[in-house]
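Got the viewer open? Let's walk through this one stop at a time, picking a selection and then looking at what is there.

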Amino acid sequence: MNQTKLLRTYSMGIALVLIWLFFTVATDNFLSARNLSILSIEMAVTATLALGMLLVLLPGQIDLSVGSGVGLIGGIAAVLIFNHHWNAFAAMGAGLAVALVIWGLMGTLIIQYRVPAFIITLGGLLVFKGLFWKVIDSETVPVVAGAGDNALSLLTTHYLTPAQGFLLLAVIAFFVIRASVRQRSQRAKYGFELESSSTAILKIFVALQALLLIILVMNQFRGIPLSVVVLGIVAFSVYIITMHTRFGRYLYAVGGNKEAAILSGVPVKKVIIGAYVMLGGIVALTGFMQTAYSGASTTTIGNLMELDAIAACVIGGTSLAGGRGNVLGVLIGALIMATLLNGMTLMAVAPETKFIARGTVLALAVWLDVYLSQKAD
Amino acid sequence: MKQKVLQVSALTKRFPGVLALDDVSFDLEEGEVHALCGENGAGKSTLIKCLSGVWPVDTYEGDIWVNTRRAQFKHIKDAESAGIGVIYQELALVREMTVAENVYLGNEPTNRLGKIDWPKVYADTQSLLEKYNLDLDPTSLVADLGIGQQQLVEIVKALLKNTSILLLDEPTAALTESEVDILLDIIRDLKNNGVTCVYISHKLDEVMQIADRVTVFRDGASIATSHIGNIAKAEIIRQMVGRNIDELFPRRSSSPAKPLLSVTNLTVFDPLENNNCLEGISFTIKAGEVLGFGGLMGAGRTELVMHLFGAFGNRVSGEVICSGKSMHNSAPIDAINAGMMLVSEDRKRYGLVLEKDIGFNQSLASLARFSQHGLLDHHAETLANKKLFKSLRIKAPNVESIVGGLSGGNQQKVVLAKALMTQPSLVFLDEPTRGIDVGAKLEVYELINQLTEQGKAVILVSSEMPELLGMSDRIIVLSDGKIGGEFVSAQATQEQLLQAAMSHG
């Protein structure tokens, strides 16, 4: 790999480090445990939704309706809990079911009836917003009926205890090491090249050290936020789906060359509808987290979140034409978007300036990627 | 001695790790047709790109002289203003525009306010067409033209820029034989009008017909330049591959066994054209047999294989039985499950995910075999990929190389590997050797032999009659969607095939 290619691969990682350095210098408490904890929750919400967006961007589709969807599904759960006194799990289950059905229908309209995704989901953006405001009657609906907590509100207020945090690390370490050992023995069995065992151990060691650092910092405040665990589960699932299943391979194939995919026996319709249904599930999850984070469902929940999700994907190297993108890139992209908002809030930047800054960073990131890719060729 | 309109001396062009042109020297005499022959990757296209300014002057070593002036092309525009025009294999026309709009695209005559003078555009295009005896209507939409006619539009577009040297990069790769004849006539007309042509083609018969001189390239070097009267076809091939090729079509017949696919009275409706594109087609193919399909462009050959593969058209009537099962041809996945696989004529559009690597493409149609409990077994997949990569001798660093960067012949091998990996019992090969070099062609033929020896059947669609006659056991010629004739290859001639191709219509 030449230098330009390396630079392109790591450019957003480098950008992230620079942004963090900037906020560390420009504010007093960016690196405080409390702020990093808040940032991790904000990032968890953005990144979860962005990972769902990745699933439809890979096969060359798009979804502009997810922001309104986040509001609507969170609103449904809140109304069921506060106005109808449902159990929080049942309320979230109902919200999830609604989301799966809606996104399944949108996927069907897009691929079966060939209405462009941009149009269907632009319609969805408006329709869901209207439905959302009808559902909550344009008022503020708390996520908890009376005092105390429920499963919904705990999504962004519950933290793992320090002991639980370390236990989590131990469990992750166990599975990572087991997977690595298995993979090496498999590769040896098939006679493929093996990286030296010291390199492999070093890699795992560094990754676990980084995880340990995160847990230590989080434990200084309240512990690992539950929403970060949720993000971890979603990220791991999306990683497995995209990299280790047939369905994931088909997402890339459909986005890369739909006609070649059809002639290779790829069930394109099922793949696209499947991607939208999965996105629907993630929209519901994000809806619950975002609504819980605000403490109540109000008309502004989910505003412009579709653009943050798309921006996170694009900054992370996902192609809007389809066929290119991965989980790690999206996580970095989401962290950049969340960091910008968090850091500027700490600096007490005016809301209008925040919009301008975020938009500029998005445009710059994509320009840089295009520039570096042209230079690499 | 004729005047030299272009001279290339000691041209060397390097890419990272590759010597694309190695001390190439070559010249053009005024008004000649000069053929360039060589396998893919031999350096012909790189030379064209140097001559046409795609590669700027400072990216290569050596000199290019145009009419005794040293050329210093920095952009394509520089080469154009020196009178050099290029017709690429892949057409660069806007399908939704008319012939005249395409011809003048980027050169529209305007008045002082920037308003385009449309009457002039159409009138000038018309007179240009008349000057070269081209049968085209300036007002037709390019989308409505055949490939051959589209090629003519490209040529007119180049002529408009006062081109005196026309570089044609495999202009006949997508044309049928009759369209090729028209193109060759046009090149002769151009020659009479003083235009010098460089003609790149893999089809040596055309080269022998049209060229005055031929220069052969191999591994980036110019091997020899000969007058066409002083060189035989076999010698050109020997120079191209660096060894003797005794047989161009090494078909080894195997004994056909039980019937594999039988088609009875098939009629297919084309929803795009709103008519029946195939009518009353019946045939049987046995295991171990190569059945060739010939015919003119638009006769329905591609439509037939695409329909049998479940990717095209609506069945009006007829029955398709594959290995005893009745096929309804609803989707390619059903065809693949029944043991069929298609290698499309358009590998970039229908065959490959260009931005992905070789392994991704090879295993795309066979992933079910590598899935356990919903998860992919990457190791088993890679192993199978490497095995095919090796056995097909794909020229690339490894299976992780991106397909878009490979030469045409190697891309075709990746498509073939994808087909083989599905372990089909019947393979449809639609123009499998289009645009690939002689060496790769021989490997494709060898592969056909291997398949039939393993008891598999091959349906071979080809526009090249020698290939059909050489590689098929039997040939069916389609004519306007109907069967125009059926032949045993060993007893058939090109004339008979051509007659059958024009029997309906």
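Start where the two chains meet, bearing in mind that this is a predicted model. Select the contacts between them: 21 residues of chain A touch 26 residues of chain B. On the chain A side, color helix H7 (162–190), helix H10 (246–256) and helix H11 (258–263), the elements that each give two or more residues to that face. H10(A) gives the most, with 5 residues. Now color the chain A side by residue type, and you should get 8 nonpolar, 8 polar and 5 charged.

Next, hop over to chain B and pull up its sheet. Four strands make an open, antiparallel sheet in the order E12-E11-E14-E15. At the edges sit strand E12 (275–286) and strand E15 (325–326) of chain B, each with a partner on one side only.

Zoom in on E11 (residues 259–270) and E14 (residues 314–322) of chain B, an antiparallel pair joined over 7 bridges. Click on Val263(B) and look across: Val320(B) in E14(B) stands opposite.

Keep the sheet on screen and add helix H9 (residues 301–308) of chain B. H9(B) lies across E11, E12 and E14 of chain B, and runs at about 70 degrees to E12(B).

Last stop: helix H4 (residues 118–131) of chain B. Put a distance between its end C-alpha atoms and you get 20 Å; at 1.5 Å a residue its 14 residues should span 20 Å, so the two agree. Then step past the helix to Asn133(B), which follows H4(B) and has a positive phi, near 60 degrees.

Notes: Residues numbered from 1 in each chain as written. Chains lettered and ligands numbered in written order. Predicted model: local features only at pLDDT ≥ 70, side-chain atom pairs only at ≥ 80, totals over all residues. Contact = placed C-beta atoms within 7 Å. Nonpolar A, V, L, I, M, F, W, Y, C, P; charged D, E, K, R; others polar. Pairing = 2+ DSSP bridges. Axes fitted to C-alpha atoms, helices over the stretch in contact; angles between N-to-C directions. Expected span 1.5 Å × (residues − 1).
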